[in-house]
Amino acid sequence: MRWPRTLASRLALIFFTGLVLAYGLSFSFQFYERYQSSRSMMLNNLELDVATSVAILDRLPAAERAAWLPRLARRTYRYRLDDGASGLRLNMDEAPMAALSIGKALGTHYALNYQNIPGPNAHFQVHLHLADGQPLTLDVTPAPVPMSSWLPVVLLVQLALLLLCTWLAVKTAIRPLTRLAEAVDKLDPNAPGPQLDESGPREVVYAAAAFNTLQARIGAYLKERMQLLAAISHDLQTPITRMKLRLEAMDSSSDKDKLWHDLEAMEHLVREGVAYARSIDGNSEAPCRVNLDAFLDSLVCDYQDSGQQVELQGNNGALIQTRPQALRRVLVNLIDNALKFAGAAQLVVRRGPKGSTLISVLDQGPGIPSAELAAVLQPFYRVENSRNRTTGGTGLGLAIAAQLTQAIGGRLTLSNRDGGGLCAQIELP
């Protein structure tokens, strides 16, 4: 037997099994006590009825006894004025309780002969002779203690109530944990979700308050880091500018050119750092409805006007709710990345599953090793074989694109194309 995989099913199994065992034990004790009481009452009634019936038949004239037999017959035993059927002598050590009760009622006044009658309906007979010598047979068909017909129905109803109560208890206990798991799964420092409801039992309130505090601390911590990065990057621009001014006053030389290139690289890195720090606030832009086809066509035309090999394929034909400046920055980063490493870019737009919009930026460059496709979306990560410092990469372009895509409610994924090159796909709701 395999243990259930979900916590709810495990708790339900434990609770329901425990309740059924406890209820079954209680029901068994009550049923046994009722069985003992009913059996004792039935045997007492049997003794009294048999003793009375035999006494009546013994005192009646022989001609009137046959008329009384139907009146004295009962559901499980009846009387016959003959020697009965022949069978096997009944072993009194294994005799039914009814046989012992009959012996107790008649044994002191009559000589009793017990016969076990085999057959499809096994029963036993008690043979005796009345005072005038006439034979009398008591034919007994033992039957179990009768049980009320409504008792199984009540038992099933009670088991159904136990199952319902178990389900309600488990659902009540699991619901806060499920809400907490969903909130943790959706935890996004860049777009803080609604706080958990701090109501209910004390433990639930404590867990919800702890999660809300954790979410606030993570958000504050990351915001502080971004502010620190932005401040450092911004403050570095001033000394870099001063150094560039001093270099301009120097005589031309190879060292001057090298220093100038180094300062250019530093300045580019600083600008990217500021842009990445600001990307965390991409959700501060107010969303609006945008004609995606016109938006992408305008973006591609800007590149084509500057002589870049960028083309647009497909159309969406619908208005989407998004943050246009953040989306434009994402596409510019991806297209610039494709132009840098492949010299050309292809923009493809199409409808995705469940009404989503898919925008793909394709190139035929060197691509990215499959093991590093997720890592390149992290800040300051570079693939040294192709995207390194000599090509001007800072490791922030794709990180900024991923950050802004997440801020506008989308998802950025990278994959290598079958024919070579990279596919950067944006999925927008």
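This passage walks through a few features of a predicted model, from its first helix to its nonpolar cores.

Helix 1 makes a handy starting point. It runs over residues 7-59, and at 1.5 Å a residue its 53 residues should span 78 Å. The end C-alpha atoms of helix 1 turn out to be 76 Å apart, so the expected span and the model agree. Parts of this helix are tucked away: Ser38, Leu43, Leu46, Glu47, Asp49, Val50, Ser53, Val54, Leu57 and Asp58 are buried. A bit of helix geometry helps in reading such a list. An α-helix has 3.6 residues a turn, so residues three or four places apart point the same way. What, then, covers the buried residues of helix 1? The cover includes helix 2 (65-72) and helix 3 (97-106), along with strand 1 (77-80) and strand 5 (135-140).

Two of these covering elements have ring features to look at. Helix 2 spans residues 65-72, and here the charged end of Arg71 sits over the ring of Trp68, 4.7 Å from the ring centre. Strand 1 covers residues 77-80, and Tyr77 and Tyr79 form an aromatic pair. The structure holds one such pair. A pair of aromatic rings is described by the distance of the centres and the angle of the planes. For Tyr77 and Tyr79 that comes to 6.4 Å centre to centre and 90° between the planes, an edge-to-face arrangement. Are these two tyrosines buried or exposed? Buried means under 20% relative accessible area, so Tyr77 at 7% counts as buried, and so does Tyr79 at 4%.

Gly133 gives a different setting, the loop between strand 4 (123-129) and strand 5. With a relative accessible area of 41%, Gly133 is partly exposed. Its C-alpha atom is separated by 9.8 Å from that of Asp58, although the two residues are 75 apart along the chain. Asp58 itself is one of the buried residues of helix 1.

Next come the nonpolar cores. The largest has 38 residues, and Leu331, Leu334, Ile335, Ile359 and Leu414 have the most contacts inside it. At least two residues of this core come from each of helix 7 (292-305), helix 8 (324-342), helix 9 (397-407), strand 9 (344-351), strand 10 (357-362), strand 11 (411-416) and strand 12 (422-428). Helix 8 supplies the largest share, eight residues. Leaving out residues up to four places away in sequence, Leu334 touches Val361, Leu398, Ala401, Leu412, Ala424 and Ile426. Apart from this core lies another, of 26 residues, including Val50, Ala98, Leu106 and Leu128.

Conventions
Residues numbered from 1 in each chain as written. Predicted model: local features only at pLDDT ≥ 70, side-chain atom pairs only at ≥ 80, totals over all residues. Heavy atoms only, no water. Helix = DSSP H or I, 4+ residues; strand = E, 2+ residues; numbered from the N terminus. Expected span 1.5 Å × (residues − 1). Buried < 20%, exposed > 50% of the residue type's maximum accessible area, 1.4 Å probe, protein only. Contact = heavy atoms within 4.5 Å. Phe/Tyr/Trp six-rings, centres within 6.5 Å; stacked < 30°, edge-to-face > 60°. Lys NZ or Arg CZ within 6 Å of the ring centre and 35° of its normal. Core = buried A, V, L, I, M, F, W, Y, C linked by side-chain atoms within 4.5 Å.
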